[in-house]
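Student: I am new to this structure. Could you take me through one part of it closely, the way its helices pack and what lies around them?

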Amino acid sequence: MVIHFIVVGQKMPQWVQTGYGEYAKRLPGACSLKLVEIPMAQRGKSGSVSQYKAEEAKRILAAVPKGAKLIVLDENGQMPSTVGFSKKLDDWLVSGQDIALVVGGPDGLDGALVQQAEWVWGLSKLTLPHPLVRVMVAEQVYRAWSLLQNHPYHRA
């Protein structure tokens with residue numbers, strides 16, 4: 001299974017690339033994490049937030065591989081425990097389907113895109129910076145996988 005981590009935004013600082021890369025490389029081929037960066041919609045004086053989100057949604061959907069389960073991150077999504085998320089990951093692994101895990105741009109995700117998702121995941125009630133979210137998601141996927149493997153990384 002491949003988790004296609006589709007994110008709006010490019011050109012992250014080196015610490016983000018290093019942090020994300022550290023966790024992504026720890027995952028085995030059976031549960032790999034592949035970063036797909038989508039350019040943000042060009043902001044201007046004449047555009048609207050809804051237009052930007054709709055444009056980004058089109059780009060995101062074009063990047064979702066055929067047959068992949070669409071999972072989106074949203075502040076209003078379900079906030080499972082580590083064990084709960086590991087169960088979700090286990091279900092995905094058992095299904096054998098690829099996952100498209102989506103993080104929107106600075107304005108969030110288009111509502112129609114969120115409605116298409118099979119699951120809406122929330123990391124926190126706090127507003128988190130997008131660079132940090134990349135690292136956190138990679139770490140949480142690795143942590144969930146390590147829990148499923150009885151690896152000592154997760155100590156609860």
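Tutor: What follows is a walk around helix α5 and its surroundings. Keep in mind that this is a predicted model.

Start with the core. The largest nonpolar core holds 30 residues. Those with the most contacts inside it are Ile3, Phe5, Leu33, Leu89, Trp92, Leu101 and Val137. Which elements give two or more residues to this core? They are β1 (2–8), α1 (14–26), β3 (69–78), α3 (82–95), β4 (99–103), β5 (119–121) and α5 (130–148). The largest share comes from α5, with eight residues. A separate core of 16 residues lies apart from this one, and it includes Leu70, Ala100, Val102 and Val114.

Now to the helix pairs. Two packed helices are described by the angle between their axes and by the distance between those axes.

Take α1 with α5. Their packing angle is about 15°, and the axes are 8 Å apart. Angles under 35 degrees count as roughly parallel, so α1 and α5 are roughly parallel to each other. The crossing of α1 past α5 is left-handed. On the α1 side, the contact is made by Trp15, Val16, Gly19, Tyr20, Tyr23 and Arg26. On the α5 side, Pro131, Leu132, Arg134, Val135, Ala138, Glu139 and Tyr142 take part. By kind, the residues of this α1 and α5 contact are nine nonpolar, one polar and three charged.

Next, α3 with α5. Here the axes come within 8 Å and cross at roughly 80°. The range from 65 to 115 degrees counts as roughly perpendicular, so α3 is roughly perpendicular to α5. From α3 come Thr82, Val83, Phe85, Ser86, Leu89, Asp90 and Leu93. They meet Gln140, Val141, Arg143, Ala144, Trp145, Leu147 and Leu148 of α5. The residues of the α3 and α5 contact divide into nine nonpolar, three polar and two charged.

Look closer at single residues. Arg134 sits in helix α5. Is Arg134 buried or exposed? Its relative accessible area is 5%, and buried means under 20%, so Arg134 is buried. Leaving out residues up to four places away in sequence, Arg134 touches Phe5, Val7, Val8, Gly9, Gln10, Met12, Val16, Tyr20, Leu35 and Glu37.

Trp92 is one of the core residues with the most contacts. What does Trp92 touch, aside from its neighbours within four places in sequence? Its contacts are Met1, Lys69, Ile71, Phe85, Gln97, Ile99 and Trp119.

Ile60 belongs to helix α2 (residues 49–63). With 1% relative accessibility, Ile60 counts as buried. Not counting residues up to four places away in sequence, Ile60 touches Ile6, Val8, Val102, Leu109 and Leu113. Between the C-alpha atoms of Ile60 and Trp121 there are 17 Å, and the two residues are 61 apart along the chain.

Finish on the outside. Lys11 lies in the loop between β1 and α1. Its relative accessibility is 82%, so Lys11 counts as exposed. Lys11 is not a glycine, yet its phi is positive, at about 55°. Asn150 is placed in the segment after α5. At a relative accessible area of 69%, Asn150 is exposed. Asn150 has a positive phi of about 55° too, although it is not a glycine.

Terms used. Residues numbered from 1 in each chain as written. Predicted model: local features only at pLDDT ≥ 70, side-chain atom pairs only at ≥ 80, totals over all residues. Heavy atoms only, no water. Core = buried A, V, L, I, M, F, W, Y, C linked by side-chain atoms within 4.5 Å. Buried < 20%, exposed > 50% of the residue type's maximum accessible area, 1.4 Å probe, protein only. Helix = DSSP H or I, 4+ residues; strand = E, 2+ residues; numbered from the N terminus. Contact = heavy atoms within 4.5 Å. Axes fitted to C-alpha atoms, helices over the stretch in contact; angles between N-to-C directions. Parallel < 35°, antiparallel > 145°, perpendicular 65-115°, else oblique. Left-handed = near helix turned anticlockwise from the far one by under 90°. Nonpolar A, V, L, I, M, F, W, Y, C, P; charged D, E, K, R; others polar.
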